[in-house]
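This report describes the fold of a single protein, beginning with one helix and the strands it contacts and moving outward to the chain as a whole.

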Amino acid sequence: GTEPFWVKQCGQIAISGKPIQFKNGSKMFGRYFEVIGYSPQKGQVATVFTDITDRMQIENALRESETNFRAIIENANDAIFIANQSGQYIYVNRRASEITGYSIPELLTMSYSDMVHPDEMKRIGRIFKNRMKGNSVPDSYETLILKKDKTSMPIEVYGANTTWKGQTAIMITVRDITLRKRFEEALGKINTELEHRVEEQTIELMNIAEKLEDKQRELLRHK
């Protein structure tokens with residue numbers, strides 16, 4: 001059956017109408033998920049599930065040993081970048097090459113700022129510098145990058161301070177969220193259309209009620 005935790009969370013969203021974001025493991029599927037839930041209409045719940053099992057395994061493996069870490073990271077579905085204190089990439093996995101269009105040797109000559117979208121440069125630079133200083137920064141955030149072919153791609157980023165071969169570094173886990181953004185856009189259009197239809201029906205009902213009142217007054221005058 002459905003696991004109680006998930007039922008409880010969805011129930012809270014439906015009752016409160018407030019959006020929520022949380023992480024939890026599912027015994028049924030044997031996976032970890034990050035979930036964004038919100039209520040598009042009263043009593044309704046919409047959720048976006050992101051499978052973060054790879055990221056959880058990577059972080060656990062990194063704590064255990066570099067050997068295990070490499071075995072998992074090379075086969076991860078997410079792009080993994082490890083950058084030194086100046087932002088230079090010192091390690092990238094196969095998936096990083098696939099989603100950006102750059103070869104692994106090319107990526108290892110680049111820094112994080114080489115792919116950040118110009119509109120996002122200041123914000124991402126600020127996050128990177130604050131993380132290196134140990135200041136409080138978001139665990140995850142969305143941004144845009146430019147691929148090798150210069151097309152933009154929306155991504156979700158998870159950052160974590162780590163040590164790589166004896167030096168302070170940042171492990172950056174990147175996920176392509178193009179499909180999620182399309183889903184959210186489509187859902188937004190549907191909600192807008194529903195609101196428009198409800199508004200039209202409300203106006204129509206008000207007009208019918210007004211006509212009925214006029215008819216009733218007319219009948220009363222003839223009595």
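## A helix across the sheet

In this predicted model, helix α6, which covers residues 121-133, lies across the strands β4 (79-83), β6, β7 and β8 (167-176). The direction of helix α6 relative to β6 is given by an angle of about 130°.

## The sheet and its edges

The sheet itself is open and consists of 5 strands, arranged in the order β5-β4-β8-β7-β6, with antiparallel pairing. Its edge strands, each of which pairs on one side only, are β5 (89-92) and β6 (140-146). From one strand to the next, the twist averages 35°.

At the β6 edge, the partner is strand β7, which comprises residues 152-164 and runs antiparallel to β6, the two being joined by 7 bridges. Within this pairing, Thr-143 has Ile-155 of β7 as its bridge partner.

## Overall dimensions

Taken as a whole, the secondary structure of the protein comprises 7 helices and 8 strands. The radius of gyration is 25 Å, whereas the globule rule gives 17 Å for 223 residues, and because the former is well over the latter, the protein is more spread out than a compact globule. The C-alpha trace spans about 100 × 45 × 30 Å along the principal axes.

## Burial, contacts and surface

Of the 223 residues in the protein, 35% are buried. When contacts between residues at least 6 apart in sequence are considered, 37% of them join residues at least 24 apart. The exposed area of the protein is about 13900 Å², of which carbon and sulfur atoms supply 53%.

Methods:
Residues are numbered from 1 along each chain as its sequence is written. This is a predicted model: local features need pLDDT of at least 70, side-chain atom pairs count only at pLDDT 80 or more; totals for chains, interfaces and linings use all residues. Side-chain values use heavy atoms; hydrogens and water are left out. Two strands pair if DSSP finds at least two bridges between them. Helices (H or I, at least four residues) and strands (E, at least two) are DSSP runs, numbered from the N terminus. Axes are lines fitted to C-alpha atoms, for helices over the stretch in contact, and angles run from 0 to 180 degrees between N-to-C directions. Contact means heavy atoms within 4.5 Å. The radius of gyration is taken over C-alpha atoms; the globule rule is 2.2 Å times the number of residues to the power 0.38. Buried means under 20% relative accessible area, exposed over 50%, partly exposed in between (1.4 Å probe, protein chains only). Accessible areas come from the Shrake-Rupley method with a 1.4 Å probe; for residues, only the protein chains shown count as cover.
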